[in-house]
Amino acid sequence: MGIKEKLEEVERRITAAAEKSGRQREDITLVAVTKTHPADMMNEAIAFGITDIGENKPQEVRDKFEQVLPVKWHLIGHLQTNKVKYIIDKVCLIHSVDSIKLMDEIERQADKHDLEMDILIQVNISGEETKSGVSRDEVEELLLYAAKLKRVKIKGLMTIAPKTDNSVTNILHFDNIRQLFIDIKQKTYDNVNMEYLSMGMSGDYETAIECGANIVRVGSAIFGERNYSQREHRKGTEI
Ligand SMILES: *Cc1c(COP(=O)(O)O)cnc(C)c1O
């Protein structure tokens, strides 16, 4: 199957999952995750209707930005403060904010470029130590801090489900974050708007949508397996 057929399949499944959860296809944003893939593959997907793409490394955004057709870029991976400057004027949404230090640097860079930046707080609800993201208990500190910021706008939550073959575990995980999302929505925090719930990847995007996600981040189900050996050749472009 080529990208076109894979994309059609993903589209069909997103539509079905949206309808199952009482929503419509338009209520869900599909972010096509293009990490490790070349610009021409990205342009092919854009030609087939992809409007949003996601990268997990700032240097890939920087390197591919000029070669890719106009599209909305999302930064979905761990972001070091010293790399915010490479992506601040290129992405529309940063999904992976997990510290006040990072919020401060995004504010500083956004101010420098005279723009506003939408962010999501990455929550690590499963408590897995290897994953980035703040714990459920730490979320409020970041929400309260948003009141101090003028350029940075908190727009929702993001999570990565633990790798598991047990879909029941994922449902519990997604339900948990959905509940947190609703709890925050019911309180009022200055400069916080719970619009986006970003959860679900190739293996679990339908489950995530059924649990309330309105952004899914899908890579391999559209583009096939990633070739990480390419990375070695790219070392020269590391920043
Ligand atoms: C790579 C990645 C994805 C997509 O993963 P697939 O399993 O290929 O769909 C989604 N979210 C994040 C944060 C990623 O790094």
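Here is a short set of questions and answers about this predicted model.

Me: Let's begin with the ligand. Which residue has a polar side-chain atom 2.5 Å from an oxygen atom of the ligand?
Reply: Good place to start! The residues around the ligand include Met-201, Ser-202, Arg-217, Gly-219 and Ser-220. Among them, Arg-217 brings a polar side-chain atom to 2.9 Å from a ligand nitrogen. The 2.5 Å distance to a ligand oxygen belongs to a polar side-chain atom of Ser-202.

Me: How much of the ligand's accessible area does the protein cover?
Reply: Backbone takes part here as well, since a polar backbone atom of Ser-220 is 2.8 Å from an oxygen atom of the ligand. On its own, the ligand has 390 Å² of accessible area, and the share covered by the protein is 90%.

Me: Turning to the strands, is strand 6 largely enclosed or open, and how many of its residues are buried?
Reply: Strand 6 pairs with strand 5 (117–122) in the parallel sense, over 6 bridges. Strand 6 also pairs with strand 7 (residues 192–198), again in the parallel sense, over 4 bridges. Strand 6 is largely enclosed by the rest of the structure, because the number of buried residues is 6 of the 7.

Me: Which residue of strand 7 stands opposite Leu-157?
Reply: We can follow the bridges across the strands. Ile-121 has Leu-157 as its bridge partner in strand 6. Gly-156 has its own bridge partner in strand 7, Tyr-196. Opposite Leu-157 in strand 7 stands Leu-197.

Me: What handedness does the β-α-β unit of strand 6, helix 7 and strand 7 have?
Reply: The two strands pair in the parallel sense. Helix 7 covers residues 167–186, and the unit that it makes with strand 6 and strand 7 is right-handed.

Me: Now Arg-151: is it buried or exposed?
Reply: Arg-151 sits in the loop between helix 6 (139–145) and strand 6 (152–158). Its contacts include Glu-107, Ala-110, Leu-115 and Met-117. Its relative accessible area is 17%, and the cut-off is under 20%, so Arg-151 is buried.

Me: Which residue's side chain makes a polar contact of 3.0 Å with that of Arg-151?
Reply: Asp-111 and Asp-114 are both among the residues that Arg-151 touches. The side-chain polar contact of 3.0 Å joins Arg-151 to Asp-111.

Me: Where does Asp-98 lie, and how far is its C-alpha from that of Leu-142?
Reply: Asp-98 is in the loop between strand 4 (93–97) and helix 5 (100–112). It is buried, with a relative accessible area of 18%. Asp-98 touches Leu-142, although the two are 44 residues apart in sequence. From C-alpha to C-alpha, the distance is 8.1 Å.

Me: Which residue's backbone nitrogen lies 3.4 Å from a polar side-chain atom of Asp-98?
Reply: The residues touched by Asp-98 include His-78, Gln-122, Ser-132, Gly-133 and Val-134. The backbone nitrogen at 3.4 Å is that of Gly-133.

Me: One for the torsion-minded: what is phi of Thr-36 near?
Reply: Thr-36 lies in the loop between strand 1 (29–33) and helix 2 (39–47). At 10% relative accessibility, Thr-36 counts as buried. Its phi is positive in a residue other than glycine, near 70°.

Me: And is Asp-114 buried or exposed?
Reply: Asp-114 is found in the loop between helix 5 and strand 5. Its phi is also positive, near 55°. The cut-off for exposure is over 50%, and Asp-114 has 59% relative accessibility, so Asp-114 counts as exposed.

Conventions
Residues are numbered from 1 along each chain as its sequence is written. This is a predicted model: local features need pLDDT of at least 70, side-chain atom pairs count only at pLDDT 80 or more; totals for chains, interfaces and linings use all residues. Side-chain values use heavy atoms; hydrogens and water are left out. Buried means under 20% relative accessible area, exposed over 50%, partly exposed in between (1.4 Å probe, protein chains only). A polar contact is a pair of N or O atoms within 3.5 Å; within protein, one must be able to donate a hydrogen and the other to accept it, and residues adjacent in sequence count only if both atoms are side-chain atoms. Contact means heavy atoms within 4.5 Å. Two strands pair if DSSP finds at least two bridges between them. A crossover is right-handed if, with the strands pointing away from the viewer, the path from the first strand over the helix to the second runs clockwise. A residue is near a molecule or strand if one of its heavy atoms lies within 4 Å of it. Accessible areas come from the Shrake-Rupley method with a 1.4 Å probe; for residues, only the protein chains shown count as cover. Lists of a residue's contacts leave out its neighbours within four places in sequence.
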